[in-house]
Amino acid sequence: MAEPRGILQLECPRLGGKGDGSILCEAPEGPFRQNTPVPFSLRESGRVRGVFAEGAESVDRPSRGGYDALCGRNPGAPGLASGEGAFMANEQDRMERIVALAKRRGFIFPGSEIYGGLNGFWDYGPLGVELKRNIKDAWWHDCVTTRDDVVGLDAAIIMNPKAWEASGHVSGFNDPMVDDKETKNRFRADHLYGIWVVAPQHEKEKIGPPVGDSIYFGPGERDIAVGVMRQALEEGRFSPPTATIIASSEGEVLNQLVRQEKGKGIVNRGWFVNLEIALRRTGKTLDITFEDKKGNVAWAFVRHIPVKVLVTNSEMIPSPYTGKRGVLTEPRNFNLMFQTYYGAVFDEAHKAYLRPETAQGIFVNYKNVLDTSRLKVPFGIAQIGKAFRNEINPRNYTFRSREFEQMEIEFFCHPSEADKWYATWRQARFDWYVGLGLKSDRLRLRDHEKDELAHYAKACADIEYAFPFGTSELEGVANRTDFDLKQHQQFSGRDMTYYDDETKERFLPYVIEPSGGVDRALLAFLCEAYDEDEAPDENGKPQRRTVLRFHPRLAPIKVAVFPLVKKDGMPEKARAIYEECRRHLAAFYDEKGAIGRRYRRQDEAGTPFCVTVDGQTLEDGTVTIRDRDTMKQERIGAESVLHYVREHLHL
Ligand code: ATP
């Protein structure tokens, strides 16, 4: 479970019944050091106003947005921690707006939508496919084309099933799965979080069956009850949670709490209607304060439920779907590989799998590549391709899909150099995302704890991104030792050792594996690029603008060309500029609608430059070129548009 980088504690003035309060920020860096009180006041409209530092901009936003203000993305709150606690109500809204934009502008569609879609499958539309291609091209360029020591490969999706026995996928590529016997829903046992509520006595009826002595408190007993429950959880004593939520991070839990609040409340009883602003961490537990409509306050603890607790106490755990107890099965292993058959006979002997990762295609070709190229260890083989996993709960948009694309490198090196290469790739892959625009503090490198490592791995780090739905893995970089080659050597009977002519040494190389997902990278770039600001319309009136601030290498369209009006030779002139541009880079021509609207459409597509041919063009041969981010326009010669765009985008 990811630990937040910083802890935010907000004191809600309503809890104290005052109009003003202070925010305690425990931030690892920046101007707000541990426990710096930051004054804020809550207005009647439910907005938090905060002055974050002398001279810094103040924050003024809806009260739940107070979390957002604290997550460091607000210019007035530089250096504040962005951790799991940052993902709150307006993160949820933000995600919804991103999904809507992606659909509206043809980035991502639900798979086979006209038939009601298919859970876990997504289709990429005209803009999405360009964005995806640009990500893959950037990866290939930076990891393969421009390196002497990495070559490419394109292996078949369906491999001899023995390869999956050797890799351990047939026996071990399992997720523990739990069924809700009543609703027939299924979820991953390791993706279950518990919520322990400590509530006032008079709410007992609404919350449901008592689940522990300490859970309800009478007048004046709240702090004691909270303390008892916290201690029980910290000491690992089992106490059944009040409710459960399916999530893979605390951030995701918080997000769902906020969403549930709109309708059902965390225990499906419509009780918690107002998630308020108190959040802090004690050890492995996250504490949240809730309020109901009447201003009654309850305390809740969020904590991951270990799979072993589901094994021993499944009947005590409430269903994440209905809140009922006694309806969950014990966890069972579920193999994530999709099965199929090859040839005309559908029997066991002809069973095959859709690959769950591209890596094994590389391992089985390691000798082929070595024998047919002039490469010497250390060297890498790279592959981009589809992978399939029958995920139990596909969710969070494209983040956890059943069909997705991977970008993987297996880098073979001498065992004595493995630590060095691991460190090199770990940093190089992190820098790659930063270089393409994931600059904010939403990106982080997290080293796995010893007990998180796969049995064969010597080291592993996840490159994680703080998506609006929670912080999750974009890419993993691992030192896989010689495990894979050893396995394939054993199962295939082929010698996988490498002979070094110079040192006269024969050895089984170690493998460093940077393994990333194209779809997750795309989603991160999309979330990072999404922005809203204000731009004046034709009449100079400020209007809300949605803009995708893609890195130029990733922008699906680099330049759009418009005639101001569809007459006076402007379309012909604009078309000529467009034709010249599109021979060299992705360009777009549009002559329909008001010019302001055409700009907006390109802002939403993330197009860095828009060129307009107007009356003056016909007189002096100049056009306007508008910058997506600053919205500033300048006049340049029509003949220099291509040069200008290339120069400014460094293409
Ligand atoms: P998770 O723990 O999130 O299921 P994982 O650790 O199993 O991921 P890996 O097996 O390391 O993932 O796969 C490498 C990369 O492939 C991941 O970092 C991710 O970018 C991508 N990936 C894995 N599973 C999926 C999926 N279901 N949907 C989209 N991308 C995925």
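Among contacts in the protein chain between residues at least 6 apart in sequence, what percentage join residues at least 24 apart? The figure is 62%. The model from which this value is computed is a predicted one. The chain has 651 residues, of which 56% are buried. Its secondary structure comprises 19 helices and 34 strands. The protein chain exposes about 28400 Å², and carbon and sulfur atoms account for 50% of that area.

A suitable place to begin is an open sheet of seven strands, arranged in the order β8-β20-β21-β27-β24-β23-β22 with mixed pairing. At its edges stand β8 (150-152) and β22 (443-447); each has a single partner strand, so one side of each lacks a neighbour in the sheet. Neighbouring strands of the sheet are turned against each other by 25° on average, direction ignored.

The sheet may be followed from the β8 edge. β8 pairs with β20 in the parallel sense over three bridges, and within this pairing Val151 has Ile381 of β20 as its bridge partner. β20 (residues 379-388) is in turn joined to β21 by 10 bridges, and these two strands run antiparallel. Here Gly385 has Gln406 of β21 as its bridge partner. Is β20 largely enclosed or left open by the rest of the structure? Nine of its 10 residues are buried, so the strand is largely enclosed. Burial in this sense requires a relative accessible area under 20%.

At the other edge, β22 pairs with β23 (residues 459-467) in the antiparallel sense over five bridges. Leu445 has Ile463 of β23 as its bridge partner. Helix α13 (residues 418-435) lies across several strands of the sheet, namely β8, β21 (403-413), β22, β23, β24 (470-479) and β27 (510-517). This helix runs at about 145° to β24.

The next topic is the nonpolar interior. The largest nonpolar core has 58 residues, and those with the most contacts inside it are Ile135, Trp139, Trp432, Tyr433, Phe467, Ile512 and Phe525. Helix α15 (residues 518-529) supplies the largest share of this core, with nine residues. A second core, separate from this one, has 22 residues and includes Tyr578, Ile625, Ile636 and Ala638.

Trp139 gives a local view of the main core. Leaving out residues up to four places away in sequence, Trp139 touches Val144, Ala382, Gln383, Ile384, Met407, Glu408, Ile409, Arg429 and Trp432. Of these neighbours, Trp432 is also among the residues with the most contacts inside the largest core.

Helix α15 itself has 12 residues and reaches 16 Å from its first C-alpha to its last, close to the 16 Å expected at 1.5 Å a residue. How many of the 12 residues of α15 are buried? The count is 11, and the helix is accordingly described as mostly covered. The buried residues are Val518, Asp519, Arg520, Ala521, Leu522, Leu523, Ala524, Phe525, Leu526, Cys527 and Ala529. Charged residues thus appear in this list beside nonpolar ones, including Asp519 and Arg520.

Beyond α15 in the sequence comes a hairpin. Strands β28 (residues 530-536) and β29 (residues 542-548) pair in the antiparallel sense over seven bridges, with Asp533 standing opposite Arg545 in β29. Five residues lie between the two strands, and in the turn Gly540 has a positive phi of about 80°.

Two individual residues show how parts of the chain that are separated in sequence meet in space. Phe491 lies in helix α14 (residues 483-492). Phe491 is partly exposed, with a relative accessible area of 37%. Phe491 and Ala166 are 325 residues apart in sequence, yet their C-alpha atoms are 5.8 Å apart. Setting aside neighbours within four places in sequence, Phe491 is in contact with Lys162, Glu165 and Ala166.

Glu604 is found in helix α17 (residues 595-605). Is Glu604 buried or exposed? Glu604 is buried, with a relative accessible area of 15%. Apart from residues up to four places away in sequence, Glu604 touches Leu101, Arg104, Arg105, Phe107, Thr546 and Leu548. Two of these, Thr546 and Leu548, fall within the range of β29 (residues 542-548), the second strand of the hairpin.

How values were computed:
Residues are numbered from 1 along each chain as its sequence is written. This is a predicted model: local features need pLDDT of at least 70, side-chain atom pairs count only at pLDDT 80 or more; totals for chains, interfaces and linings use all residues. Side-chain values use heavy atoms; hydrogens and water are left out. Two strands pair if DSSP finds at least two bridges between them. Helices (H or I, at least four residues) and strands (E, at least two) are DSSP runs, numbered from the N terminus. Axes are lines fitted to C-alpha atoms, for helices over the stretch in contact, and angles run from 0 to 180 degrees between N-to-C directions. Contact means heavy atoms within 4.5 Å. Buried means under 20% relative accessible area, exposed over 50%, partly exposed in between (1.4 Å probe, protein chains only). Accessible areas come from the Shrake-Rupley method with a 1.4 Å probe; for residues, only the protein chains shown count as cover. A nonpolar core is a set of buried Ala, Val, Leu, Ile, Met, Phe, Trp, Tyr and Cys residues joined through side-chain atoms within 4.5 Å. The expected span of a helix is 1.5 Å times one less than its number of residues.
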